[in-house]
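User: I should like a close look at a single part of this structure, with its surroundings described where they help. Please set out the reasoning behind each assignment of burial or exposure.

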Amino acid sequence: MLEKLHDHIVEELNTNTKTDIIFIITAIFLNFIALAINSAMAFSPEYFFIFILFILLILVVNMVVITGLSRGKQTRFKLLTGLIQMYKDEGIEKYYDGSILESYNTRYTLFTIAVVSTGILACLVPIVLYIIEN
């Protein structure tokens with residue numbers, strides 16, 4: 001039974017990783033696409049409504065991604081904590097360095113910074129171009 005639980009935790013960790021990757025790639029891709037589209041539209045006042053819609057889309061998607069990354073971080077912490085406890089119970093914890101949890105926390109922070117930075121860039125650059133041009 002313990003082996004099945006171990007396999008389930010590892011499977012959940014893999015799923016968590018895939019979900020995080022999808023969130024990050026989607027957000028950064030959308031941010032750069034929206035940056036390009038809105039930067040082009042910034043020079044045409046007749047597209048102002050579409051311009052605003054893209055800004056709102058950037059904000060909503062980035063908020064969803066940041067929330068998803070936060071939940072992913074919490075899930076990973078819980079799963080790894082359980083895995084470490086299982087290893088302790090079995091007397092094999094010396095083979096898994098518990099400090100890896102801190103590495104994951106740092107990684108999630110860096111991912112969040114990347115998403116937020118590209119989101120801010122995707123919002124601010126077109127707004128500045130719009131203000132300068134109009």
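Analyst:
**Helix H2 and its surroundings**

Leu59 counts as partly exposed because its relative accessibility is 41%, a value between the 20% and 50% cut-offs. The model in which this value was computed is a predicted one. Leu59 belongs to helix H2, which covers residues 48-90.

Leu59 also contributes to a nonpolar surface patch of about 720 Å². The other contributors to this patch are Tyr47, Phe48, Phe49, Ile50, Ile52, Leu53 and Leu56. A general point on helix geometry is useful here. With 3.6 residues a turn, an α-helix has residues three or four places apart pointing the same way.

A second leucine of the helix may be set beside Leu59. Leu69 is likewise placed in helix H2. Leu69 is buried because its relative accessible area is 1%, and the limit for that class is under 20%. Between the C-alpha atoms of Leu69 and Phe51 the separation is 27 Å, and these two residues are 18 apart along the chain.

The dimensions of the helix as a whole come next. H2 comprises 43 residues, and the distance from its first C-alpha to its last is 63 Å. This span is close to the 63 Å expected at 1.5 Å a residue. Just after H2 comes Gly91, which adopts a positive phi of about 75°.

The other helices supply context. Helix H3 spans residues 100-133 and includes Ile100. Ile100 counts as partly exposed because its relative accessibility is 29%. The C-alpha atoms of Ile100 and Ile21 are 19 Å apart, while 79 residues separate the two along the chain.

Helix H1 runs over residues 2-41, and Glu11 is found within it. Glu11 counts as exposed because its relative accessibility is 52%, where the class requires over 50%. Together with Glu3, Asp7 and Glu12, Glu11 forms a negative surface patch.

To return to the part requested, helix H2 holds both Leu59 and Leu69. Leu59 is partly exposed at 41% relative accessibility, whereas Leu69 is buried at 1%.

Terms used
Residues are numbered from 1 along each chain as its sequence is written. This is a predicted model: local features need pLDDT of at least 70, side-chain atom pairs count only at pLDDT 80 or more; totals for chains, interfaces and linings use all residues. Side-chain values use heavy atoms; hydrogens and water are left out. Patches are made of residues with over 30% relative accessible area and no salt bridge: like charges are joined within 9 Å, nonpolar side chains (Val, Leu, Ile, Met, Phe, Trp, Tyr) within 5 Å. Accessible areas come from the Shrake-Rupley method with a 1.4 Å probe; for residues, only the protein chains shown count as cover. A salt bridge is a side-chain nitrogen of Lys or Arg within 4 Å of a carboxyl oxygen of Asp or Glu. Helices (H or I, at least four residues) and strands (E, at least two) are DSSP runs, numbered from the N terminus. Buried means under 20% relative accessible area, exposed over 50%, partly exposed in between (1.4 Å probe, protein chains only). Lys and Arg count as positive and Asp and Glu as negative; His and the chain ends are not counted. The place of a charge is taken as NZ of Lys, CZ of Arg, CG of Asp or CD of Glu. The expected span of a helix is 1.5 Å times one less than its number of residues.
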